[in-house]
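Grab a coffee and work through a few short exercises on the model below. Each one has a task, then a solution in steps.

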Amino acid sequence: MAFSFVFDWDVPLPDDERDRLLEKMANQVVRRGLAMPAVWMLEVHRPIMPLAGQAGIVFSPFLGTLFAGGAFDLQKYIKIMQRRENVDRLIHLIDQAEEEARSPSGKQKEE
């Protein structure tokens with residue numbers, strides 16, 4: 001029997017998986033109209049992201065039950081957000097997604 005909270009923290013996450021998850025997160029943030037607060041929170045908490053990631057590792061079995069994606073996706077996000085370059089990448093993707101949503105062609109995509 002496999003447990004959903006078992007995750008190998010030492011295995012690197014493939015770049016395509018990392019990019020897919022970051023794009024998904026950025027699109028969800030923009031879709032909900034939270035681009036500005038999300039970027040602000042990421043900027044403010046950038047120095048403590050590695051520490052927050054360690055706390056996320058400790059609490060991931062408990063947090064996984066609270067989120068619809070389950071523990072495995074949550075643990076992937078925790079692993080991604082521990083690295084500062086991924087935080088910068090997410091901020092960039094949020095800005096990009098927000099610009100696309102504001103452009104006339106982006107509004108046509110939503111309709």
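A nonpolar core is a set of buried Ala, Val, Leu, Ile, Met, Phe, Trp, Tyr and Cys residues joined through side-chain atoms within 4.5 Å. Buried means under 20% relative accessible area, exposed over 50% and partly exposed in between, with a 1.4 Å probe and protein chains only. The model is predicted, so local features need pLDDT of at least 70 and side-chain atom pairs count only at pLDDT 80 or more, while totals for chains, interfaces and linings use all residues. Residues are numbered from 1 along each chain as its sequence is written, and side-chain values use heavy atoms, with hydrogens and water left out.

**Exercise 1: the core**

Find which residues have the most contacts inside the largest nonpolar core.

Step 1. This core holds 19 residues, and the best-connected ones are Leu22, Leu42, Met81, Val87, Leu90 and Ile94.
Step 2. Now look at who supplies them: α1, α2 (35-45), α4 and α5 each give at least two residues. Helices here are DSSP runs (H or I, at least four residues), numbered from the N terminus.
Step 3. The most comes from α5, with six residues.
Step 4. Zoom in on Leu90: leaving out residues up to four places away in sequence, Leu90 touches Leu22, Met25, Ala26, Leu42 and Met81. Contact means heavy atoms within 4.5 Å.

**Exercise 2: two helices with two faces**

Work out which residues of α5 are buried, and do likewise for α2.

Step 1. In α5 (residues 84-102), the buried set is Asn86, Val87, Leu90, Ile91, Leu93, Ile94 and Ala97.
Step 2. These residues span an arc of only 165° around the axis, which puts them on the same side of α5. The arc is that of the directions from the helix axis to the C-beta atoms.
Step 3. On the face turned away from that side, Glu99 and Arg102 are exposed.
Step 4. Over in α2, Ala35, Ala38, Val39 and Leu42 are buried. Their arc is only 95°, so they sit on the same side of α2.
Step 5. Exposed Met36 and Trp40 are carried by the opposite face of α2.

**Exercise 3: charged-type side chains**

Is Glu17 buried or exposed?

Step 1. Find Glu17 in helix α1 (residues 15-31).
Step 2. Its relative accessible area is 17%, so Glu17 is buried.
Step 3. The Glu17 side chain makes a polar contact of 2.9 Å with that of Lys76.

Technical notes
Polar contact = N/O pair within 3.5 Å; in protein donor to acceptor, adjacent residues only side chain to side chain.
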